Amino acid sequence: DSKASITSLARQAAAESRESERNWRMRAETEQQAWTEEKRRSQKAHQRAMQSEKDEAQKQIQDVTEKLAATRRLLEGEARNASEARVRQRAADAKLKRCE
């Protein structure tokens with residue numbers, strides 16, 4: 001009778017051990033899946049942040065390029081005006097000299 005009782009207790013302990021192992025394995029798999037998903041989300045967030053930073057840098061480059069082009073056009077216009085003013089000045093000087 002005690003041998004049967006010990007055998008029954010051993011079977012029960014073995015069943016509990018298998019159940020515990022199964023529960024632990026399921027918990028480990030669930031944690032692994034959660035970690036993998038969190039890693040994926042983190043990588044996506046990082047990728048979005050890097051793309052946003054890249055887009056902002058490209059926008060700044062474009063803005064500066066446009067400002068430089070506008071400044072260049074303005075300076076070219078001022079240079080033309082100065083050149084035309086020098087031509088007019090020389091013409092006025094020559095006309096004045098002829099009048100003397």
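These legends walk through several views of one predicted model, from the whole chain to single side-chain pairs. Residues are numbered from 1 along each chain as its sequence is written, and side-chain values use heavy atoms, with hydrogens and water left out. Because the model is predicted, local features need pLDDT of at least 70 and side-chain atom pairs count only at pLDDT 80 or more, while totals for chains, interfaces and linings use all residues.

**View 1. The whole chain, with one helix and zero strands.** That is the full secondary structure of the protein chain; helices (H or I, at least four residues) and strands (E, at least two) are DSSP runs, numbered from the N terminus. The radius of gyration is 43 Å, well over the 13 Å that the globule rule gives for 100 residues, so the chain is more spread out than a compact globule. Here the radius is taken over C-alpha atoms, and the globule rule is 2.2 Å times the number of residues to the power 0.38. Picture the C-alpha atoms in a box of roughly 145 × 10 × 5 Å, taken along the principal axes.

**View 2. The surface and charges of the chain.** Just 1% of the 100 residues count as buried; buried means under 20% relative accessible area, exposed over 50%, and partly exposed in between (1.4 Å probe, protein chains only). The accessible surface comes to about 9400 Å², and 54% of that belongs to carbon and sulfur atoms. These areas come from the Shrake-Rupley method with a 1.4 Å probe, and for residues only the protein chains shown count as cover. There are 23 positive and 18 negative charges, and their mean positions are 6 Å apart. Lys and Arg count as positive and Asp and Glu as negative, with His and the chain ends not counted; each charge is placed at NZ of Lys, CZ of Arg, CG of Asp or CD of Glu.

**View 3. E21 and R25 meet in a salt bridge.** A salt bridge is a side-chain nitrogen of Lys or Arg within 4 Å of a carboxyl oxygen of Asp or Glu, and the count comes to seven. For this pair, the N to O distance is 3.5 Å. Why can they reach each other along the chain? E21 and R25 are four residues apart in helix α1 (residues 2–99), so about one helical turn separates them. E21 is partly exposed at 45% relative accessibility, and R25 is partly exposed too, at 40%.

**View 4. D63 pairs up with K59.** The closest N and O atoms of this salt bridge are 3.1 Å apart. Both residues lie in helix α1, four residues apart, about one turn of the helix. D63 is partly exposed at 30%, and K59 is partly exposed at 44%.

**View 5. A network of E37, E38, R40 and R41.** Salt bridges that share partners join these four residues together. One of the links runs between R41 and E37, at 3.3 Å from N to O. R41 and E37 sit four residues apart in helix α1, about one turn. R41 is partly exposed at 42%, and E37 is partly exposed at 28%.

**View 6. Stretches along helix α1, marked by Q60 and K44.** Q60 lies in helix α1 and is partly exposed at 44%. Its C-alpha atom is 46 Å from that of E29, 31 residues away along the chain. K44 is also found in helix α1 and is partly exposed at 40%. From K44 to E19 there are 25 residues in sequence and 37 Å in space, C-alpha to C-alpha.
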